[in-house]
Amino acid sequence: MQEKYIDETKQGEAFAIAERPENSKKLFLESYGCQMNFSDSEIVASILNEQGYNTTMKVEEADLILLNTCSIREKAEQTVRMRLSQFKNLKKEKPNMTVGVLGCMAERLKTKFLEEEQLVDLVVGPDAYRDLPNLLKETDDGRDAINVILSKEETYADINPVRLGGNGVTAFVTITRGCDNMCTFCVVPFTRGRERSRDPHSIIDECKDLANNGYKEITLLGQNVDSYLWYGGGPKKDFAKASEMQKATAVNFAQLLDLVAKAVPELRIRFSTSNPQDMSLDVFKMMAKHDNICKYVHLPVQSGSNNMLEAMNRQHTREEYLDLIRKAKEIVPEVAFSQDMIVGFCNESEEDHQDTLSLMREVEYDYGYMFAYSERPGTPAHKKMEDNIPADVKQRRLAEVIALQGELSKQRMKSYVGRMHQILIEGISKKNKNQWKGRNSQNAVCVFDQLEGQKIGDIVNVFVYDNTQGTLLGRTAE
């Protein structure tokens, strides 16, 4: 099973980049949660790199500690609070060290961090990273600093992200920020603000720069990439007020995919995350048109029940979702799908749960990300609905969904056996240092023996001869 989110029982991921000899201060930057947070951390590192900070993997030598946080579920917040507590002794030893909280938790909890977590000096929301130099001056003067103002314009389009860690082969390119969907269970619209899109020219320039620097694959990122719409700037909700010229020259997501695929034909292109009600068949047509657009879509559904979809304000029905999947497979027969699924949402009946299981069987997802409902303060569900499904029922339903996805994943992996696949070598297998690991177009992980002359970043033809539940086993084609 592949992971979209960092395991909430573990601490986040810290990254470091090559040092600038002229920089004298040390930044320890740790990220939690979704891919957007990791992409944002690269923006933060870029801004602070210009302010004299080199990144470090050793928290004890840091002058500045920043945790880029996630609010998607309660456990994620608990993990960050526990992580902060680990810095208390270090803070006593180094009283001049600055500790900051960035991202979605920062926006949601705001002053609570400064009041309750006595060691936190700095709280910065996801739209205020440009203000970090000014906020750090405040902390240097002995004052707590906070900026969690959400923007209707900020896309960080002119900031060239520093690439933290990674393999030098795959990279994220953020194309939208914020979300307008207002799903009743979700805190993202309140922590990341209104949806706005980034200038396509800046996106293409970043992709070209990545290609020139040896990267082989990009993932276009957004809370909802299908909703991408550039008409000169501003929130998507204001598109109706745009001029006729702006409307005539606007660029939607399918058109952006076409532009990027043509601009960097040597790069493989992925995108995440998609939303069913905004997904256009034109996107699948672009996928069919361009060989370098990977044949994989992460298409969250959250539930297979129309009752639950309505309660969640998902803005699509079960039937519409299945119709979209069917038409997509007609346009791109080799396309693969993955899902997000929430079990135990407010008032979910056993029949609703069975609807979810039947939808999963019909779609035949390659893999999925499955969770028991976790009530998030401030969301419409928290304000207006009762979290009334017992914990043991949630866990039983979650176990059934996970078990079914395991069966489906194994079946889907088996469908790739006996065929040749183009695999991008991303690194060395964790289980066998003499094997490579990489992914095919459908995002399935493949491991195979290393041959002389092969290196990370190569795209090689691999014959898949067997599979496990979540991994393809192959050998390089002669």
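Which residue is the bridge partner of Leu424 in E21? The partner is Ile459, and this pair offers an entry into the predicted model discussed here. The bridge belongs to the pairing of strand E18, residues 420-428, with strand E21, residues 459-467, an antiparallel arrangement that extends over 5 bridges.

The strand E18 also pairs with strand E19, which covers residues 435-439; the two run antiparallel and are joined by 4 bridges. Within this pairing, Ile425 has Gly438 of E19 as its bridge partner. E18 and E19 form a hairpin, with 6 residues lying between the two strands. On the side of E21, a further partner is strand E22, residues 471-476, which pairs with E21 in the antiparallel sense over 5 bridges. Here Val462 stands opposite Thr476 in E22. The connection between E21 and E22 is again a hairpin, made through 3 residues.

These strands may now be placed in the wider chain. The domain assignment divides the protein chain into domain 1 (8-147), domain 2 (170-415) and domain 3 (417-476). The centres of domain 1 and domain 2, taken over C-alpha atoms, are separated by 28 Å. Each of these two domains contributes to their contact: 18 residues come from domain 1 and 18 residues from domain 2. Between them, domain 1 and domain 2 bury about 1700 Å², of which 50% lies on carbon and sulfur atoms.

The polar side of this interface can be described in more detail. Side chains of opposite charge can pair when their charged atoms come close. Between domain 1 and domain 2, the count is 4 salt bridges. Arg192 and Asp40 form a salt bridge through their side chains, with an N to O distance of 3.1 Å. The two domains also show 6 residue pairs in polar contact, where both residues have pLDDT 80 or more. On the side of domain 1 that touches domain 2, the elements giving two or more residues are helix H1 (35-49), helix H2 (74-85) and helix H4 (103-109). Of these, H1 gives the most, with 8 residues. By residue class, this side of domain 1 divides into 6 nonpolar, 4 polar and 8 charged residues.

Salt bridges can also be considered beyond this interface. A search of the whole structure finds 29 salt bridges. One of them is formed by Lys91 and Asp121, whose closest N and O atoms are 2.7 Å apart. This pair links distant parts of the chain, 30 residues apart: Lys91 is in helix H3 (residues 88-93), whereas Asp121 is in the loop between helix H5 (111-116) and strand E6 (122-124).

Two features of the backbone complete the account. Most residues other than glycine have a negative phi, and most peptide bonds are trans. Against that background, the peptide bond from Ser272 to Thr273 is cis, with omega near 5°. Thr273 is located in the loop between strand E14 (268-272) and helix H11 (281-289). Met182, a residue other than glycine, has a positive phi, near 55°. The place of Met182 is likewise in a loop, between strand E9 (176-177) and helix H7 (188-192).

Note on methods:
Residues numbered from 1 in each chain as written. Predicted model: local features only at pLDDT ≥ 70, side-chain atom pairs only at ≥ 80, totals over all residues. Heavy atoms only, no water. Domains from an automatic or database assignment. Contact = heavy atoms within 4.5 Å. Buried area = accessible area lost by both parts, 1.4 Å probe. Polar contact = N/O pair within 3.5 Å; in protein donor to acceptor, adjacent residues only side chain to side chain. Nonpolar A, V, L, I, M, F, W, Y, C, P; charged D, E, K, R; others polar. Pairing = 2+ DSSP bridges.
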